[in-house]
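Please open the structure in your viewer and keep the selection tool at hand. The tour below proposes what to select at each stop and describes what is there.

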Amino acid sequence: MNDMPQTRGKLTADKPLCDLTWLRVGGPADWLFQPADTQDLAEFLAALDPAVPVFPMGVGSNLIVRDGGLRAVVVRLGRGFNDILVEGTRVTAGAAALDAHVARKAADAGIDLTYLRTIPGAVGGAVRMNAGCYGTYMADVFVEAQVVTRAGEIVMLTAEDLNFRYRKTDLPEGWVIIRATFEGPKAEPEALHARMSAQLARRDETQPTKDRSAGSTFRNPAGFSSTGRADDVHDLKAWKVIDNAGLRGARRGGAQISEKHSNFLINTGDATAADLEGLGEEVRKKVFQSSGIELHWEIMRVGEPAPDGQ
């Protein structure tokens, strides 16, 4: 993998990824590529050996990189990919724009994308994972996305192309979302900002926002997001089945199931990726034993375990 294409962006070999994820764990990527602009990304991918895997990475908010690292080119979009443009009821945002920033900018313009305010991460990941909360999903507001394919072609994808499902899309491996357009209902900016303030207060009250976590660990078994309403049923919420199995506060090495919200996996300070993933797998096993429910990871896990003995 030494014969890498020329680029105007920044290409770094053996880049540790632990500093780039919210959980602060993970080994090195063979290469980290930070493209200068869309053309740079397209030309790089077109020239890159098709056998080399490409892994697009956002702000690492929903990710465990295993301790042995990633045998791939990790593409991380930065400045130049985080602009937010409002036209009428439509908002177009670069894939590196934070979900929270998009929600605020939309609210300023009287467009309701408030559900994005409490979703950790950036636009690219939110589209790829059909992010949602309070009963609203990316699929509900999505118009189109501009993407660079693994072969370096720049294409537009519709909702039909992506085939949105609960926490899933059909985005092909190695394709990099560079921007997306959303459309939301009109509302008074003051009301939207007030709603977001209330959502944030509720989140801080119920979730371990001060700890190192990666957001929700498992998908809700019911197959849909929390609506946040008072009459929302909790029978098939991931946190509830984890609680029922007696696992709130469970530990493994430096990893812990949060005492505050049992669908949050936290790094208490010295966790390895193996601690975190191992604790998550233990939770899945014990929940299945206690309730017959199979939990599915919402956090993406990538890369290789540490070599034996390390």
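Two residues are in contact when they have heavy atoms within 4.5 Å of each other. The model on display is a predicted one.

**First stop: L98**

Select L98, which is placed in the loop between β7 and α2 (99-108). Leaving aside neighbours within four places in sequence, L98 is in contact with V59, G121 and A122. Its relative accessible area is 31%, so L98 is partly exposed. Now add G152 to the selection: the C-alpha atoms of L98 and G152 are separated by 25 Å, and the two residues are 54 residues apart along the chain.

**Second stop: the hairpin of β6 and β7**

Next, select residues 84-87, which form strand β6, and residues 90-94, which form strand β7. The two strands run antiparallel and are joined by four bridges. Within this pairing, V86 of the selection stands opposite V91 in β7. The hairpin has two residues between the strands, and G88 takes a positive phi near 60 degrees there.

**Third stop: L113**

Move on to L113, in the loop between α2 and α3 (123-128). Is L113 buried or exposed? With a relative accessible area of 0%, L113 is buried, because buried means under 20%. Neighbours within four places in sequence aside, the contacts of L113 are V91, V102, A103, A106, V141, F182 and G184. For a view across the model, select L247 as well: L113 and L247 are 34 Å apart in space, C-alpha to C-alpha, and 134 residues apart in sequence.

**Fourth stop: the nonpolar cores**

Which residues have the most contacts inside the largest nonpolar core? They are V102, V127 and F182, and this core has 51 residues. Strand β12 (residues 176-183) contributes the largest share of this core, five residues. Apart from it lies another core, of 22 residues, which includes A214, V241, L265 and A271.

Select V127 to look at the surroundings of one of these residues. Residues up to four places away in sequence not counted, V127 touches M138, F142, L162, F164, T169, I177, A180 and F182.

**Fifth stop: strand β10 and its partners**

Select residues 142-148, which make up strand β10. This strand is mostly covered, with five of its seven residues buried. Add strand β12 to the view: β10 and β12 run antiparallel and are joined by six bridges. In this pairing, A145 stands opposite A180 in β12.

Then select strand β11 (residues 154-157), which runs antiparallel to β10 and is joined to it by four bridges. Here Q146 stands opposite M156 in β11. In a regular strand, side chains alternate between the two faces of the sheet. The hairpin of β10 and β11 has five residues between the strands, and G152 in this hairpin takes a positive phi near 90 degrees.

**Sixth stop: the second largest pocket**

Select R128, M129, R167, T169 and M300, which are the closest to the centre of the second largest pocket among the 17 residues that line it. The volume of this pocket is about 280 Å³. What is the division of its lining into nonpolar, polar and charged residues? Eight are nonpolar, two are polar and seven are charged.

**Seventh stop: S61**

Select S61, found in the loop between β3 (54-57) and β4 (63-65). S61 has 8% relative accessibility and therefore counts as buried. Not counting residues up to four places away in sequence, S61 touches W22, P120, G121, A214 and G215.

**Last stop: D14 and N163**

Finish with two residues whose backbone angles merit inspection. D14 is found in strand β1 (residues 10-16). Its phi is near 50 degrees, a positive value in a residue other than glycine. D14 has a relative accessible area of 54% and is therefore exposed, the cut-off being over 50%.

N163 is in the loop between α5 (159-162) and β12. Phi of N163 is near 55 degrees, again a positive value in a residue other than glycine. At 35% relative accessibility, N163 counts as partly exposed.

Technical notes
Residues numbered from 1 in each chain as written. Predicted model: local features only at pLDDT ≥ 70, side-chain atom pairs only at ≥ 80, totals over all residues. Heavy atoms only, no water. Core = buried A, V, L, I, M, F, W, Y, C linked by side-chain atoms within 4.5 Å. Buried < 20%, exposed > 50% of the residue type's maximum accessible area, 1.4 Å probe, protein only. 1 Å grid on protein atoms, 1.4 Å probe; cavity = no way out; pocket = protein on both sides within 12 Å on 5 of 7 lines; lining within 4 Å. Points joined across faces, edges and corners; volume = space filled by probe spheres on them. Nonpolar A, V, L, I, M, F, W, Y, C, P; charged D, E, K, R; others polar. Pairing = 2+ DSSP bridges.
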